[in-house]
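Visitor: I have never read a protein model before. Could you walk me through it?

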Amino acid sequence: MTTFSDMEPSPISVEATAPSLALRGKTALMDAVEDVFYGSVAGVVGKYIEYPFDTVKVRLQSQPDHLPLRYKGPLDCFRQSIQADGLYGLYRGITAPLVGAALETSSLFLFESMGREVLYNTGLASRDKKLSLPTLWLTGAFSGACTSFVLTPVELVKCKIQAPMLAEGATVAPLRPISVIRDVYRHEGLRGFWHGQLGTLIREAGGCSAWFGAKETVTAMFYNLHTRAATTEAEKQSILSKPLPIWQQALAGASAGVSYNFLFFPADTIKSRMQTVPLGGMAQKRTFWNEGRALWQQHGLRGMYRGCGITCLRAAPSSAFIFMVYDGLKRNFPLQ
């Protein structure tokens, strides 16, 4: 039986645990620049793939409790959305999310690298040894927790554009990012942009632990299978120095996306409901715990996972592309 200790991290993990950046001809600053730039490119690519599915997910999540459900499920939501606004309507408000995707993905990779540095500098991990898989899950959690503070304002604007609602549940005219930002600031001030922060924090800390962790775990499993046939240490190291076949890279990335979304989806549902409530007094009174309790009382566990299927469906290809683009750029276009 294969255990975590038998598995080898991916090529990026091996690179990140090398004795020093200087030995690789790269400074810490250039490594950070790579994380930001390549992470931004990967995030934008992933966002174009997933955005229509994300719009459907938010609309399913944010249906009012006191009215009959408007959508019977993801396919019905797709159908009604396209009939009402055309395919363009599914991309409504994508400008802010594209910026958010660049910020989110670059922040995730940057903070994940910073998490490793924290472990090295505090003596909890050695640069001379490869990080264990449980440790990589931990650095993923650190990355997600830090990124949540960057992400909450962007997601708040995105959710209000994707699922605009009046208090009685009627839809309003399409909103634009600037008008949403202005209204949020006028009604709730700067603090209002972090409405739903606790939900984002829980989702990102737990979800990103699973995102990075699942990708590294599946990657390690594939490398373990490849190295079983190696007869010498040199042959084993040669295998580990090469990237996995494309389909295996895609499967590792897809497993990351599904793990991220499924495990902490209820936190995302509660966060979306908080962020789509009309601005004003009621929005300020809806806390994470109150919203979660009301949702549980109304719809139970099923309500918590409303829209989860469509979310996992879009997350699999999106995360696969994000990791393949990021890993490919880091491997083939290193900044010196």
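**Reading the model, one feature at a time**

Guide: Let's start with one residue: Arg314 counts as buried because its relative accessibility is 8% (buried means under 20% relative accessible area, exposed over 50%, and partly exposed in between, using a 1.4 Å probe and protein chains only). Before going on, note that this is a predicted model, where local features need pLDDT of at least 70, side-chain atom pairs count only at pLDDT 80 or more, and totals for chains, interfaces and linings use all residues. Residues are numbered from 1 along each chain as its sequence is written, and side-chain values use heavy atoms, with hydrogens and water left out.

Visitor: Where does Arg314 lie?

Guide: Arg314 is part of helix H13, which covers residues 308-332. The names follow a simple scheme: helices (H or I, at least four residues) and strands (E, at least two) are DSSP runs, numbered from the N terminus.

Visitor: And which residues does Arg314 touch?

Guide: If you skip residues up to four places away in sequence, Arg314 touches Glu50, Phe53, Asp54, Lys57 and Asn261 (contact means heavy atoms within 4.5 Å). Take Phe53: 261 residues separate it from Arg314 along the chain, yet their C-alpha atoms are separated by 6.0 Å.

Visitor: With which side chain does the side chain of Arg314 make a polar contact?

Guide: With that of Glu50, at 3.2 Å. For a polar contact, look for a pair of N or O atoms within 3.5 Å; within protein, one must be able to donate a hydrogen and the other to accept it, and residues adjacent in sequence count only if both atoms are side-chain atoms.

Visitor: Let's try Thr311. Is Thr311 buried or exposed?

Guide: Thr311 is buried, because its relative accessible area is 0%. Thr311 also sits in H13, and a polar atom of its side chain lies 2.7 Å from the backbone oxygen of Gly307. Beyond its neighbours within four places in sequence, Thr311 is in contact with Lys57, Asn261 and Phe265.

Visitor: How do I read two helices packing together?

Guide: Picture a line through each helix and compare the two. Axes are lines fitted to C-alpha atoms, for helices over the stretch in contact, and angles run from 0 to 180 degrees between N-to-C directions. Here helix H9 (residues 246-263) packs with H13 at an angle of about 135°, and their axes are 7 Å apart.

Visitor: What is the orientation of H9 and H13 to each other?

Guide: Oblique, so H9 and H13 are neither of the cases with a special name (under 35 degrees is roughly parallel, over 145 roughly antiparallel, 65 to 115 roughly perpendicular, and the rest oblique). Their crossing is right-handed; a crossing is left-handed if the near helix is turned anticlockwise from the far one by less than a right angle, and right-handed if clockwise. The residues that meet include Gly253, Gly257 and Asn261 of H9 and Thr311, Arg314 and Ala315 of H13. By class, the contact of H9 with H13 has 13 nonpolar, 6 polar and 2 charged residues (Ala, Val, Leu, Ile, Met, Phe, Trp, Tyr, Cys and Pro are nonpolar, Asp, Glu, Lys and Arg charged, and the others, Gly among them, polar).

Visitor: Can I see another pair?

Guide: Sure. The axes of helix H5 (residues 133-162) and helix H10 (residues 265-276) come within 9 Å and cross at roughly 65°, and therefore H5 and H10 are roughly perpendicular to each other. The crossing of H5 and H10 is right-handed. From H5, Thr152, Glu155, Leu156, Cys159 and Lys160 meet Asp268, Lys271, Ser272, Gln275 and Thr276 of H10. Those residues divide into 2 nonpolar, 4 polar and 4 charged.

Visitor: What does Ser255 touch, leaving aside its neighbours within four places in sequence?

Guide: Ser255 is in contact with Ala214, Lys215 and Val218. You'll find Ser255 in H9, with its side chain reaching the backbone oxygen of Ala252 at 2.6 Å.

Visitor: Is Thr95 buried or exposed?

Guide: Thr95 counts as exposed, because its relative accessibility is 55%. Thr95 is found in helix H4 (residues 95-121). For an in-between case, Pro245 counts as partly exposed at 34%, in the loop between helix H8 (233-240) and H9.

Visitor: Now step back. How many helices and strands does the chain have?

Guide: There are 13 helices and 0 strands. Of the 336 residues, 53% count as buried. And among contacts between residues at least 6 apart in sequence, 80% join residues at least 24 apart.
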